[in-house]
Amino acid sequence: MSSPDVVSLLESSKELDRVRKEQEEILSEINKLHKKLQTTPEVVEKPGDTSLARLKVLYTQAKDLSESEANISSLMLSQIDGILPTGPQGQTRRRIGKGNEQKRKRVKTESDISRLNPTMRNHLEACASLKGEQLISCQVAARVTPRNADKDEWFVVKVIHFDKESKEFEVLDEEPGDDEESSGQRQYKLPMGNIIAFPKSNDPSSAQDFPPGKHVLAVYPGTTALYKATVVQGPRRRKTEDYVLEFDDDEEDGSLPQRTVPFHKVVLLPEGHRQ
């Protein structure tokens, strides 16, 4: 890790903060105009009124700032890739099960982005809710097993390519466990239906609000694997950014332990999920 690399990353972070501050100001002005037009719609018919023209300018600025945010986020991803150590490190599995059924839990390495400070995690996942080509370099949830498989396996992977014609994603499993048949990183080519984008970690409003009792798909703590879980408590009720979940087949001493998972690692359980 070199000082110039870190300095460049920090400069990009400052620029991203500046763009987001401008976005907030533009959004505030747009909301004011919306309120004005909702309460007095007849104002646009008055000679010399520029409300609609101003609204168009604001929306254009908002669009440009949104594109700038995506570009800066992509740049920061590249900068962070240049700083983080390369190559897979020692991996282990956490196995839990009910009866003879064993679930594979893939433990993250020290270099995983979850080890970074909250601000950097926010920047890393700023584009998590985007689609297609804009998901390149972002982490997503991916089902790596075929539709006719007995069980669905969902892992956290990195998007490295999107094929416009076939609408398929090429993804990289950067941290397969040490009990995989092949060592090192693994690549998959998956249809869009096998990909779920995570909510933005810095924007709780981008995530669905799952009520208690709702079944979800979530990243098991300390791993890169996702499993079915039941919501015990949501972030809003607890005034935090974490869900309290009970994972299926996660029994300890005859009961299901309650585990805390960040909201941006919890997604809607796909229909027909098999586990």
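Val 219 is buried in this predicted model, because its relative accessibility is 5%, and a residue counts as buried when its relative accessible area is under 20%. This valine belongs to strand β8, which covers residues 215–219. Leaving aside the neighbours within four places in sequence, Val 219 is in contact with Val 156, Phe 198, Ala 225, Leu 226, Phe 247, Val 261 and Lys 265. One of these partners, Lys 265, stands 46 residues away from Val 219 along the chain, yet the C-alpha atoms of the two residues are separated by 5.7 Å.

The discussion now turns to charged residues. Side chains of opposite charge can pair when their charged atoms come close. The structure contains eight salt bridges, and three of these pairs are described here, beginning with one inside a single helix.

Arg 18 and Glu 15 form a salt bridge in which the closest N and O atoms are 2.4 Å apart. Both residues lie in helix α1, which spans residues 3–39. They are three residues apart, about one turn of the helix. Arg 18 counts as partly exposed, because its relative accessibility is 38%. Glu 15 also counts as partly exposed, because its relative accessibility is 31%; partly exposed residues fall between the limits of 20% and 50%. The pairing extends to a further residue, for Glu 15, Arg 18 and Glu 22 are linked in a network of salt bridges.

Which parts of the chain does the pair of Glu 69 and Arg 20 link? The side chains of these two residues meet in a salt bridge, with a distance of 3.1 Å from N to O. Glu 69 lies in helix α2 (residues 51–83) and Arg 20 in helix α1, so that the pair, 49 residues apart, links distant parts of the chain. Glu 69 counts as buried, because its relative accessibility is 10%. Arg 20 is likewise buried, with a relative accessible area of 14%.

Is Asp 250 buried or exposed? Asp 250 is buried, because its relative accessible area is 0%. Its carboxyl group takes part in a salt bridge with Arg 259, and the closest N and O atoms of this pair are 2.6 Å apart. Arg 259 is buried too, with a relative accessible area of 17%, a value that satisfies the limit of under 20%.

Terms used:
Residues numbered from 1 in each chain as written. Predicted model: local features only at pLDDT ≥ 70, side-chain atom pairs only at ≥ 80, totals over all residues. Heavy atoms only, no water. Salt bridge = Lys/Arg side-chain N within 4 Å of Asp/Glu carboxyl O. Helix = DSSP H or I, 4+ residues; strand = E, 2+ residues; numbered from the N terminus. Buried < 20%, exposed > 50% of the residue type's maximum accessible area, 1.4 Å probe, protein only. Contact = heavy atoms within 4.5 Å.
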